[in-house]
Amino acid sequence: MILLRQLLGDVLRRLRVRQGRTLREVSTLARVSLGYLSEVERGQKEASSELLASICGALGVPLSQVLREVSDQFALAELQAAPVLADVPEHERLPLAETVPGGISDSVFPEVKDMVAA
């Protein structure tokens, strides 16, 4: 299972190391304990939005940039974990012949068929 806190910690650590900064330096600037920052970077603690903003401020990086990078990493991890259609047995695939306008199977989403027909 993909854990958001692990991906977030990886991104924060990568940014800190890329800048050549120590945990101690960033923890002092962010006003968070060294141990807690270490746990956040290792994905062992969930950081609050206030703490994330403080860490990003200490790193001189916008929180939006960190979240974007985490989102990109999460999307890649999801793609790697997703089954490929070719690996899905034919009997488990959605029936394509019985679709309503828009390509949604009425056997899977009958309430959508009713909404489209209305």
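## Exercises on a predicted helical model

Arg 31 counts as exposed, with a relative accessibility of 79%. The structure is a predicted model, and the exercises below treat its confidence, its elements and its packing.

**Exercise 1. Place Arg 31 in the chain and describe its backbone.**

Solution. Start with the location: Arg 31 sits in the loop between helix 2 and helix 3 (34-41). Next, take the backbone: phi at Arg 31 is positive, about 60°, although the residue is not a glycine. Then classify the accessibility: Arg 31 is exposed because its 79% is over the 50% cut-off. A positive phi is also found at Gly 20, just after helix 1, with a value of about 70°.

**Exercise 2. State which elements the chain has and where the confidence is lowest and highest.**

Solution. Begin with the count: the chain holds six helices and two strands. Their order from the N terminus is α-α-α-α-α-β-β-α. Now add the confidence. The average pLDDT of the chain is 80, and 69% of the residues score at least 70. By element, the highest mean belongs to helix 2 (residues 23-30), at 98, and the lowest to strand 1 (residues 99-100), at 38. Over residues 96-118 pLDDT stays under 50, and the model has 14 contacts beyond four places in sequence for this stretch.

**Exercise 3. Work out what the buried residues of helix 1 pack against.**

Solution. First, the helix itself: helix 1 covers residues 4-18, 15 residues in total, and spans 21 Å from first to last C-alpha, close to the 21 Å expected. Second, its buried residues: these are Leu 7, Leu 8, Gly 9, Val 11, Leu 12, Leu 15 and Arg 16. An α-helix has 3.6 residues a turn, so residues three or four places apart point the same way. Third, the partners: the buried residues of helix 1 pack against helix 2, helix 3, helix 4 (49-59) and helix 5 (63-81).

**Exercise 4. Decide whether Glu 41 is buried or exposed, and find its side-chain partner.**

Solution. Glu 41 belongs to helix 3. Its relative accessible area is 3%; the cut-off for buried is under 20%, so Glu 41 is buried. The side chain of Glu 41 makes a polar contact with that of Arg 16, at 2.7 Å. Arg 16 is itself one of the buried residues of helix 1. Beyond four places in sequence, the contacts of Glu 41 are Gly 9, Asp 10, Leu 12, Arg 13, Arg 16 and Leu 23.

**Exercise 5. Describe the largest nonpolar core and the surroundings of Val 66.**

Solution. The largest nonpolar core has 20 residues, and Leu 12, Ile 55, Leu 59 and Val 66 have the most contacts inside it. Two or more residues come from each of helix 1, helix 2, helix 3, helix 4 and helix 5. The most, six residues, come from helix 4. Now take Val 66: leaving out residues up to four places away in sequence, Val 66 touches Leu 8, Val 11, Leu 12, Leu 15, Cys 56 and Val 61.

**Exercise 6. Give the accessibility class of Ser 71 and its C-alpha separation from Leu 7.**

Solution. Ser 71 is in helix 5. With a relative accessibility of 42%, Ser 71 is partly exposed. The C-alpha atoms of Ser 71 and Leu 7 are separated by 8.8 Å, although the two residues are 64 apart along the chain. For the chain, 57% of contacts between residues at least 6 apart in sequence join residues at least 24 apart.

Methods: Residues numbered from 1 in each chain as written. Heavy atoms only, no water. pLDDT = per-residue confidence, 0-100. Helix = DSSP H or I, 4+ residues; strand = E, 2+ residues; numbered from the N terminus. Contact = heavy atoms within 4.5 Å. Buried < 20%, exposed > 50% of the residue type's maximum accessible area, 1.4 Å probe, protein only. Polar contact = N/O pair within 3.5 Å; in protein donor to acceptor, adjacent residues only side chain to side chain. Expected span 1.5 Å × (residues − 1). Core = buried A, V, L, I, M, F, W, Y, C linked by side-chain atoms within 4.5 Å.
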